[in-house]
Amino acid sequence: MNTILKKETLSPSVKLYEIEAPLIAQKALPGQFVVVRIVEEGERIPLTIADSDPERGILTLIVQEVGKTTEHMGLLDEGMAILDVAGPLGLPSEIENYGTVVMVGGGIGIAPIYPITKGMKAAGNRVISIIGARSENLLFYIDKMKAVSDEFIITTDDGTSGIKGFVTDELKRLIDEGVKIDRVVAIGPTIMMKMVSEVTRPYEIPTIVSLNSIMVDGTGMCGACRVEIDGETKFACVDGPEFDGHKVDFDLLMQRQAMYIEQEKKSLECFRENLVHRI
Ligand SMILES: Cc1cc2nc3c(=O)[nH]c(=O)nc-3n(C[C@H](O)[C@H](O)[C@H](O)COP(=O)(O)OP(=O)(O)OC[C@H]3O[C@@H](n4cnc5c(N)ncnc54)[C@H](O)[C@@H]3O)c2cc1C
Ligand code: FES
């Protein structure tokens, strides 16, 4: 059992949880994730370790409520416990002094990009961060991201904060202005990571993306998370989740992510109906 020590609402659908998990907190590295199961009969879902404090034995998870399990988690309050948290899983991010790195976080992707950005800054890189969301009320971690960036850019699709447009517009602008970029790391919706990779491809800028394929065990045993990288099958949970964006078959990934939409919709409807009956 992992107790929720703190819960905070970051935006209408995004909540931050600090949970007690001393063994995982001691080992967690940027880029890694945990697999969480809230109740005995519940499914397992992967969540990135947005931050960890080994001294206090605490992990920070940031969760966007998009379906049954994430909505269920949203109903848990401080003092309550999550049934089990397994991790740290996945390969850690490669963090070195590359020179100038551009860190791109879109939507809920701002959560996983933060620990990697912090690591890139600590490794001596010049860090340019671009974070974006559909609208101002979906942005979070602005001060934290600013604190670990040399240059910090916000974009919103509707122009309610920062520059109106997409994160890719700002990345393209930097390239067009002749900024020498040694590496790009992009985390966010799959379509955003695909577009970032298309922007950098002609310039051969190494581009790393973190793939959010459907996962079950998170340990390489079930095959649910398989992705195609340069024509080869890989398991995102053990071979990733980070991969070379120029080699990812994003269209196949998007197809696989949408495979259970009908079942997910039904499951959420059932969950909400049961809640109403219980009230
Ligand atoms: C390595 C990794 C790290 C992630 N980190 C975060 C994070 O830090 N914060 C966050 O909010 N979300 C994160 N996600 C996505 C999160 O796991 C899904 O949003 C969650 O599983 C949705 O479950 P649900 O029951 O609420 O919604 P559902 O209605 O079941 O699903 C909604 C959508 O989420 C995706 N999804 C569903 N089940 C899974 C699953 N078992 N594994 C992966 N994706 C799934 C599918 O694309 C689906 O269409 C991460 C995913 C991966 C692979
Ligand atoms: S989640 Fe089962 S093999 Fe990756």
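In this predicted model, a polar backbone atom of Pro46 lies 2.7 Å from an oxygen atom of ligand 1. The side chain of Glu43 also takes part, with an N or O atom 2.8 Å from an oxygen atom of the ligand. A further polar contact involves Gln257, whose backbone N or O atom is 3.5 Å from an oxygen atom of ligand 1. Taken on its own, ligand 1 has 860 Å² of accessible area, and the protein covers 86% of it.

The shell behind these contacts can be described by element. Strand 4 (44–48), strand 6 (58–64) and helix 2 (68–74) are the elements that each give two or more residues to the shell around ligand 1. Strand 4 supplies the largest share, five residues. There are 22 residues around the ligand, and those that come nearest are Glu43, Pro46, Gln64, Thr70 and Met215. Sorted by class, the shell holds 10 nonpolar, eight polar and four charged residues.

Strand 6, one of the elements that contribute to this shell, also belongs to an open sheet. Five strands form that sheet in the order 5-6-2-1-7, with antiparallel pairing. Its edges are strand 5 (51–53) and strand 7 (81–82), each of which pairs on one side only. Within the sheet, strand 6 pairs with strand 2 (residues 14–20) in the antiparallel sense over seven bridges. Leu16 is the residue that stands opposite Ile62 of strand 6. Strand 6 thus links the two parts of this description: strand 6 gives residues to the ligand shell and pairs with strand 2 in the sheet.

Key. Residues are numbered from 1 along each chain as its sequence is written. Chains are lettered from A and ligands numbered from 1 in the order in which they are written. This is a predicted model: local features need pLDDT of at least 70, side-chain atom pairs count only at pLDDT 80 or more; totals for chains, interfaces and linings use all residues. Side-chain values use heavy atoms; hydrogens and water are left out. A residue is near a molecule or strand if one of its heavy atoms lies within 4 Å of it. A polar contact is a pair of N or O atoms within 3.5 Å; within protein, one must be able to donate a hydrogen and the other to accept it, and residues adjacent in sequence count only if both atoms are side-chain atoms. Accessible areas come from the Shrake-Rupley method with a 1.4 Å probe; for residues, only the protein chains shown count as cover. Helices (H or I, at least four residues) and strands (E, at least two) are DSSP runs, numbered from the N terminus. Ala, Val, Leu, Ile, Met, Phe, Trp, Tyr, Cys and Pro count as nonpolar, Asp, Glu, Lys and Arg as charged, and the others, Gly among them, as polar. Two strands pair if DSSP finds at least two bridges between them.
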